[in-house]
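Got the viewer open? Let's take a walk through this one, one selection at a time.

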Amino acid sequence: MRSWFAYAVLAGAMIAAPVLAEEDCASTQGDVAIAARTPQVDLYDAAMGRRVMTLDQDKFPACAPIVARAPNMMLEVDVNGTKYWVPPHMVKYRFAGNLPPVCRNLAMGSNDTKVGSTRGLGEGCPKPSGGK
Amino acid sequence: MPRHFSGDYLLRAAERARRPDREHMQSLRRRVPYWFVVILLFGFAAVQIILNPFGFSDLTQRYTQDIADLLIDGPYLYPETGREQVSVALVDDASLRSLGMPWPWSYGAQARGLDALLAEKPRAVVVDVMFVDPRKDDTISELVDEIGRYRKAGVPLYLVGATDVPAGAPPLRRELLATGVRVLDPGILVNQGIVRQYPVSGSCLGAGARNRAPCLSLALAVYRDLYPQQPLAPLRGLMELVWGTRANPFNAKWMSVTDENGAVHACAEHQDIGWSARMWLAFFDPASVRSACPYTSVIPAESLIEGRDDADIARLAKNHIVFYGASLSGVQDRSFTPVNGLIASVFVHAMALDNLITFHGRPQQNVVTLGSLTLDNNTAQALAVLPIILILGWIHVRGLRRAGAARERGATLEYVLGKLLEKAWHWFAFALALAVGLALTVWAGLSVANWVQVVFVSVEFAALLLVGLPGAVWAYLHHVAVGIRQLEVVQKEQGA
């Protein structure tokens, strides 16, 4: 009885192993978008570009190779032969390298001082005509 | 004209006022009526509390509030109930550098940030970034779609609107307004440069908002929507903010503090201070007790956008009310708080909501509401001081009536007993006032800032009664007005 149980577990493991491996896209080398993470995935024409298409979760291909990564963290992914940019939070992805840690160093002294200017001061203001 | 108001009488009264009979006055001091003591002390208290001479009353109130936050409430008393439910997703200068995205972000980029937040399954999201400028940006449709995604996911989304737009202009972009999204007034209050209070009401913004007037301020509106099981108390006046001081341990994991010498410290370092050291520093070097790390948990925007599989981010966002805001140099949206110094104003809203959650919809206030009657803090303090006057005055008058000939004692013993009695009398008045103040906090929700004057005034009462001021005033007035007439009667009786 015990040996039958052992055989069943072993067989189950042999069947499940490739499936689990495929879920992690173990067979795909390099950086890869494993699957969609959000109900819909937006595809962009450039890292800082416009949205060109939205795919439902089940339409997004599994194990799509990541071609490039922009400074704003957008991922260039090969979707059915066409390259699109995807917001990284919309996909489960795997990077070969390590991502840099997020840290903050707050200046204690800066609490008592304030910036005495406005960001982008004067941008877009109409230029006065006439007079000095 | 009655005899005692004749010219002769007035002349004599003036003479008595100029040269009072000390012996006669001494005997009158012991006979000061109880009602006179009560009226004199109440008048003294009313002048200090209501007339606020030299702004002394205001200054002591707010200074005490700050010290209470740094010394007692923040480190020891304020529970972490709210902190477990509220987070701030923050875009700061480091986020911009890390993402290589200049500010202001396009509407599309903001939509991606909000979508990244939605992916973490928050309970609600409050966007403290104003989308009001009519700039040319084709990606606004992405933000409109994002509002739809929130609606589909059943996650409440709140935007903030501008209150100082020209008449007839919308409080935010018309495209966004047309989605029917809730729009709130992000106004906060600054008291002597520091954020200590929070408004209860705000402008009615958004579609159909005018019909809902009067409208609540941002934190109150969010609380009312999300915590129907603990309904918001009918609030009048202002909310008094209690600032937590213990930075969320998650913040301490990725934040550190650099002092003026360039030495790097952990966030918790400024909080692990013993009560005695804290008391000393809070009075003599408050800046050293302040924490640069915020109390509310912070989710860095780049971590969110990066979609990194981070258990901490998931824990801070999932089922939390997340405020989405920015802290950028040169963008004037920072406020000075008593416990953090300068900090992004989004934390003020987060702290106000934290207070509401922690106090179950009954935050500390600057007014006392009794049914339909609302008393401002001056009236409440003046009334609160009355029982203290009645008790101290009664003990004082009783002591005067009972005072007999002093027992023969050694000079040293007399001195020591006198000093001990003096101290005990002051401490008694202090304890009495403290008890009344704490009762006002517990039963009426009045913040310490709004009853601390009762304590100051009560200790002054103790000093005034100790030196016998009411008796002296009574004796003088009685002597000037009546005293000599009685003496004349006595002299006549004695056949002088």
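Which residues does Gly206(B) touch, not counting residues up to four places away in sequence? Select Gly206(B) and look around: Gly161(B), Pro171(B), Leu177(B), Arg182(B) and Val183(B) are the ones. Touching, or being in contact, means that the C-beta atoms, placed from the backbone, lie within 7 Å.

Before going on, a word on what you are looking at. This is a predicted model, in which local features need pLDDT of at least 70 and side-chain atom pairs count only at pLDDT 80 or more, while totals for chains, interfaces and linings use all residues. Residues are numbered from 1 along each chain as its sequence is written, and chains are lettered from A and ligands numbered from 1 in the order in which they are written.

Back to Gly206(B), which sits in the loop between β6 (201-202) and β7 (215-216) of chain B. Helices (H or I, at least four residues) and strands (E, at least two) are DSSP runs, numbered from the N terminus. Is Gly206(B) buried or exposed? It is buried, with 23 other C-beta atoms within 10 Å. The cut-offs are 20 or more such atoms for buried, 12 or fewer for exposed, and partly exposed in between. Now add Val454(B) to the selection: Gly206(B) and Val454(B) are 248 residues apart in sequence, and 43 Å apart in space, C-alpha to C-alpha.

Next, zoom out to the whole of chain B. It has 19 helices and 16 strands. Its radius of gyration, taken over C-alpha atoms, is 31 Å, well over the 23 Å that the globule rule (2.2 Å times the number of residues to the power 0.38) gives for 496 residues, so chain B is more spread out than a compact globule. Turn chain B around and you'll see its C-alpha trace span about 110 × 55 × 40 Å along the principal axes. Of its 496 residues, 43% count as buried.

Color chain B by domain. Domain 1 is 3-62 + 370-493 and domain 2 is 80-255 + 293-365, with bounds from an automatic or database domain assignment. Their centres, taken over C-alpha atoms, are 51 Å apart. Where the two domains of chain B meet, 6 residues of domain 1 are in contact with 9 residues of domain 2.

Now switch to chain A, which has 1 helix and 8 strands. Trace chain A along the sequence and the pattern reads α-β-β-β-β-β-β-β-β. Of its 132 residues, 20% count as buried.

Show both chains together: 42 residues of chain B are in contact with 27 residues of chain A. On the chain B side, the elements giving two or more residues are α5 (93-99), α6 (107-118), β9 (255-258), α13 (301-306) and β14 (341-344). Highlight α13(B), since the largest share, 5 residues, comes from there.

Last stop: the largest nonpolar core, with 144 residues. A nonpolar core is a set of buried Ala, Val, Leu, Ile, Met, Phe, Trp, Tyr and Cys residues joined through C-beta atoms within 7 Å. Pick Val86(A), Leu117(B), Tyr324(B) and Leu353(B), which touch the most other members. Helix α15 (residues 346-358) of chain B gives the largest share of this core, 9 residues. Both domains of chain B give residues to the core, so it lies between them. To finish, center on Leu117(B): among the residues that Leu117(B) touches, not counting those up to four places away in sequence, are Ala89(B), Leu304(B) and Tyr324(B).
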